[in-house]
Amino acid sequence: MEIKSDLADIPDTLLRPDLAECRPLGDDPPMRDSKTFGFIARGGLVCYAVVHLLVAWLATRVALGDTAKADKAGALQVVVAEGGAWLLWLIATGLAGLALWQLSEAITGHRHVKARRRTVRRIVSGIEVVLYGLVSYSAVKIAVAGADDGQTSLVAEILAESYGPVLVTVAGITVVAVAVFLAQRGFRKTFVRELDFGGATGTTRTTTIRLGQVGWIALSAAYGTVGVLTVISAVTFDPAKASGLDAALKTLVAQPYGGPMLLALAAGIAAFGVFALLDARFRKI
């Protein structure tokens with residue numbers, strides 16, 4: 001007697017969900033494709049936007065004569081003062097998730113684009129890992145210690161070594177190179193490749209792109225100033241000249257017409273902050 005299994009009448013696609021979804025066996029969707037991971041990544045982009053909006057506000061205060069610390073550390077200290085340490089931990093967590101997402105993109109992401117462009121996109125993701133990771137680290141440091149005052153002493157310690165000037169010079173040139181890269185993102189609008197405007201109106205699309213252009217160019221100017229001052233600190237053996245964005249902006253405001261220039265830069269950083277909010281909505285994740 002032939003025994004016929006009931007399974008014979010069940011379609012293959014019900015027994016093998018991977019075939020129903022038209023994907024090869026064993027090719028499971030990566031973690032970054034999950035809704036939860038997407039939610040965390042978008043939340044991190046919102047946190048990144050808030051930090052830049054606060055930096056823009058602090059830079060405006062410096063331009064108007066205040067002595068506020070106009071950098072990301074200063075912005076995070078404002079978060080502690082106004083919202084409490086719990087909010088800072090929330091920002092740190094969001095940015096850490098954002099950095100992890102970009103790390104996964106740098107290693108295995110952007111598979112839908114051509115090989116040469118994929119390499120470039122993965123390098124961009126690697127740079128964003130550093131940008132997001134540093135802000136997350138600063139948030140954790142301030143939440144734990146209540147300050148972020150180690151940068152100048154670190155530069156001083158490096159310059160005290162025989163290899164110090166060379167290392168600091170390389171670091172400064174690297175920052176300038178990143179600034180050039182950020183500028184070309186703004187001028188060439190390459191960031192648009194990372195956005196999905198499905199369902200958005202033409203006005204929203206145009207506004208997002210214009211804010212992105214202005215914002216990326218403004219960030220380029222800020223980081224470029226930091227890089228130049230870092231190189232100068234190595235040449236002159238003066239660590240105080242490599243104190244980060246705060247020193248860069250205060251150096252700028254001390255120049256002739258520095259106040260208006262800093263106000264313009266603050267407006268550009270604010271534009272980037274608003275763009276980052278829109279980026280959280282339209283970014284392909």
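This passage walks through a predicted model, from its overall make-up to a cluster of aromatic residues and the cavity beside them.

The protein is built from helices: its secondary structure comes to eleven helices and zero strands. Read from the N terminus on, the order of elements is therefore simple to state, α-α-α-α-α-α-α-α-α-α-α. Of the 285 residues, 42% count as buried. Contacts across the sequence are well represented, since among contacts with a separation of 6 or more, 70% join residues 24 or more positions apart.

Two of the helices give a feel for the geometry. Helix α5 covers residues 85-108, and its 24 residues reach 35 Å from the first C-alpha to the last, close to the 34 Å expected at 1.5 Å a residue. Its buried residues include Leu88, Ile91, Leu95 and Leu98. Trp101, Gln102 and Glu105 of α5 also belong to the buried set. Helix α9 spans residues 202-236. Its 35 residues should span 51 Å at 1.5 Å a residue, and the end C-alpha atoms are indeed 51 Å apart, which agrees. Just after α9, Phe237 takes a positive phi of about 55°.

Helix α9 is a good place to start looking at the interior. Thr208 lies in this helix and is buried, with a relative accessible area of 0%. Beyond its neighbours up to four places away in sequence, Thr208 touches Phe191, Leu195, Phe197, Phe275, Leu278 and Phe282. One of these partners, Phe275, is 67 residues from Thr208 along the chain, yet the two C-alpha atoms are separated by 6.0 Å. Phe275 is itself buried, at a relative accessible area of 2%.

Phe275 leads on to the aromatic residues. The structure holds five aromatic pairs. In one of them, the ring centres of Trp216 and Phe272 are 4.9 Å apart and the planes stand at 75°, so the pair is edge-to-face. Because Trp216 lies in helix α9 and Phe272 in helix α11 (residues 258-282), this pair ties together parts that are 56 residues apart in sequence. Both rings belong to buried residues, and Phe272 counts as buried because its relative accessibility is 2%, against a cut-off of 20%. Phe272 also pairs with Phe275, this time in a tilted arrangement with 6.0 Å from centre to centre and 50° between the planes. These two residues both lie in helix α11, three residues apart, about one turn of the helix. An α-helix has 3.6 residues a turn, so residues three or four places apart point the same way. Taken as a group, Tyr48, Phe191, Trp216, Phe272 and Phe275 form one aromatic cluster. A charged residue joins the picture at Trp216: Arg185 lies over the face of this ring, at 4.6 Å from the ring centre.

Arg185 also provides a link to the loop between α8 (164-188) and α9, where Thr190 is found. Leaving aside neighbours within four places in sequence, Thr190 is in contact with Gln184 and Arg185. Thr190 counts as buried, at 11% relative accessibility.

Several members of the aromatic cluster appear again around an internal space. A search of the whole structure finds three cavities of 30 Å³ or more, and the largest cavity holds about 50 Å³ of space. The lining of this largest cavity is made up of Leu45, Tyr48, Glu128, Tyr132, Trp216, Phe272, Phe275, Ala276, Asp279 and Arg283. Two or more lining residues come from each of α3 (35-63), α6 (115-145) and α11. Helix α11 gives the largest share, four residues.

Arg283, one of the lining residues, lies in the segment after α11. Although it carries a charged side chain in name, the point to note here is its setting: at 5% relative accessibility, Arg283 counts as buried. Not counting residues up to four places away in sequence, Arg283 touches Arg42, Leu45, Trp101, Gln102, Glu128, Tyr132, Glu194 and Leu195. Of these, Leu45, Glu128 and Tyr132 line the largest cavity as well, while Trp101 and Gln102 are among the buried residues of α5. Leu195 is also a contact of Thr208. Arg283 is 242 residues from Ala41 along the chain, and the C-alpha atoms of the two are separated by 9.6 Å.

Technical notes
Residues numbered from 1 in each chain as written. Predicted model: local features only at pLDDT ≥ 70, side-chain atom pairs only at ≥ 80, totals over all residues. Heavy atoms only, no water. Buried < 20%, exposed > 50% of the residue type's maximum accessible area, 1.4 Å probe, protein only. Contact = heavy atoms within 4.5 Å. Expected span 1.5 Å × (residues − 1). Phe/Tyr/Trp six-rings, centres within 6.5 Å; stacked < 30°, edge-to-face > 60°. Lys NZ or Arg CZ within 6 Å of the ring centre and 35° of its normal. 1 Å grid on protein atoms, 1.4 Å probe; cavity = no way out; pocket = protein on both sides within 12 Å on 5 of 7 lines; lining within 4 Å. Points joined across faces, edges and corners; volume = space filled by probe spheres on them.
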